[in-house]
Amino acid sequence: MSVKLEDVLKDENLIKNIEEIAKDTALLHGVLMRTKETPNSPEVVSYAPITLFPTPVPTALFHQALAVQTHFNRLVDRVSQDPTFLEETLASTIKVDDFTARLFSIYKQVQQEHLPQSIVLGLNRSDYMLDHRPGGGTSLKQIEINTIAASFGKCLTQISLASRTPDVHRHILKVANLPEECDRVLDNNPAAGLARGLAKAWQLYGSERAVVMFLVEEVQRNIYDHRYVENELWKRNIPVIRRQFEDVCRTGSLDQSKRLFVDGREIAIVYFRNGYMPQNYTSERSWEARLMMERSLAVKCPDISTHLAGTKKVQQELARPGVLERFFPDEPETVAQIRATFAGLYTLDMGEDGDKTVAMALANPDQYVLKPQREGGGNNIYGSEICEVLKNLKNSSERTAYILMDKIQPVPVQNYLLRPGAPLRPNSCLSELGAFGAYVRKGKDMVFNECVGHLLRTKSSEHADGGVAAGVAVLDNPLLV
């Protein structure tokens, strides 16, 4: 009789034996992070949090997420090129959300200067959950699309670690006497794909002396994830430097041609691994540095317009009837494929539509998620807390800082979550599937557009919100079924 995964999950002795093997295997394959105690030291590392076993994901829905990603790449790019749409969509938000307003102010200044840079680089990640409705089957529904620092839940990233975990899970499956399952865990290398996009943009910039600058945070527990991408660039003889906002403030400058220099090095690409949350801007000088980079000839990943295209308010507006057709007027199939992934999204703007959304949320708060214009995980509002927020804001324009979204209803699965220092126990788990996209446009020509990999993150179902940045979700792999 063949062994099944559900049987292995119940075998406590086997699980105890596999736990140590799994941790060692993760370390052997470079699934690494620095420790909380010494986040900026390479002297002490641990394995990155990971599930003990890969999580079953329907094959058709997995491939649907990957297939639609190149369409989302084009959508984000087209939104970023439509100033009228961005201005109209964000008009109410920038009145009440200071962070979005600061970003929009930089966007307007850059627009007025008509900057000469024609190269656009986008590295995105579209996140989904599997929505199960009684009698309606299971469908793929988008949670959000990330256009800045698109990686492993922002603060703790996983672009590159995702390429190392398939071998870890395949080894565990073999040890658990499940070798036939190994073929259902696919190879995955988003780091190489994102590096191809960076390399293409660097090549188009046209200076072999110019470098790619990773703009990073002060705390760098996730540095090994960055290093994989860096190394892919170095393999192509593309030089890379790592700098923080403070470094750009201190040594950054523009020459007469608006070329950007930092520490005397010409910057071909600014790759933002920082700058997506208000607290990333520690002083007015940080904002001045962001403006200088946006005004420069360097390729920005993302540029300010693409950053704004990833806001929750834009996501909600794109779900309104007829809006996708604005960006794909002659592509009904593309529109249908994108729209099929949308969950219900509702405006909280002042007026009749927003009032209906408030009433709907107050009547059935458990069916919705209230989302602010924030990235990084741990910001969403659920259940009774929705009522508290909306009762206070229902007659205030401050409600326009949020959008409302249908709460996706996934089916929990059993697994074990490996975390340094935490006891291993069975968990009822929920997973989030991400698809990575990379594109490069020069002028009006899209010269590179690919889906370059995937990411599965899994958390205990007891946690309503919180990605890896919140210390909740862990690395995982799809087990295609």
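This section describes the nonpolar cores and the salt bridges of a predicted model.

The largest nonpolar core comprises 62 residues, among which Leu75, Val79, Met213, Ile267, Val270, Met293 and Leu318 touch the most other members. Helix α7, spanning residues 98-113, gives the most to this core, contributing 6 residues. The surroundings of Met293 were examined with its neighbours within four places in sequence left aside. Met293 is then in contact with Met213, Leu215, Phe245, Val248, Leu260, Val270, Phe272 and Lys300. Two of these partners, Met213 and Val270, also belong to the group of core residues that touch the most other members. A second core, separate from the largest one, contains 58 residues, including Ile172, Ala176, Leu198 and Tyr271.

Turning to charged side chains, a search of the whole structure finds 35 salt bridges. One of the pairs is formed by Lys258 and Glu113, whose closest N and O atoms are 3.1 Å apart. Lys258 is located in the loop between β9 (253-254) and β10 (260-262), whereas Glu113 lies in helix α7; the pair therefore ties together parts that are 145 residues apart in sequence. Both side chains belong to partly exposed residues: the relative accessible area is 21% for Lys258 and 25% for Glu113.

A further salt bridge joins the side chains of Asp127 and Arg457, with an N to O distance of 3.1 Å. This pair also links distant parts of the chain, since Asp127 is in strand β5 (residues 119-133) and Arg457 is in strand β19 (residues 445-460), 330 residues apart. Asp127 counts as buried, at 0% relative accessibility. Arg457 is likewise buried, with a relative accessible area of 6%. The two residues are also part of a network of salt bridges in which Arg125, Asp127, Glu432 and Arg457 are linked.

A salt bridge within a single helix is provided by Arg250 and Asp247, both in helix α11 (residues 245-251). The closest N and O atoms of this pair are 3.3 Å apart. Because Arg250 and Asp247 are 3 residues apart in the helix, about one helical turn separates them. The two partners differ in accessibility: Arg250 is exposed, with a relative accessible area of 51%, while Asp247 counts as buried at 17% relative accessibility. The value for Asp247 falls under the 20% limit for a buried residue, and that for Arg250 is over the 50% limit for an exposed one.

Conventions:
Residues numbered from 1 in each chain as written. Predicted model: local features only at pLDDT ≥ 70, side-chain atom pairs only at ≥ 80, totals over all residues. Heavy atoms only, no water. Core = buried A, V, L, I, M, F, W, Y, C linked by side-chain atoms within 4.5 Å. Buried < 20%, exposed > 50% of the residue type's maximum accessible area, 1.4 Å probe, protein only. Helix = DSSP H or I, 4+ residues; strand = E, 2+ residues; numbered from the N terminus. Contact = heavy atoms within 4.5 Å. Salt bridge = Lys/Arg side-chain N within 4 Å of Asp/Glu carboxyl O.
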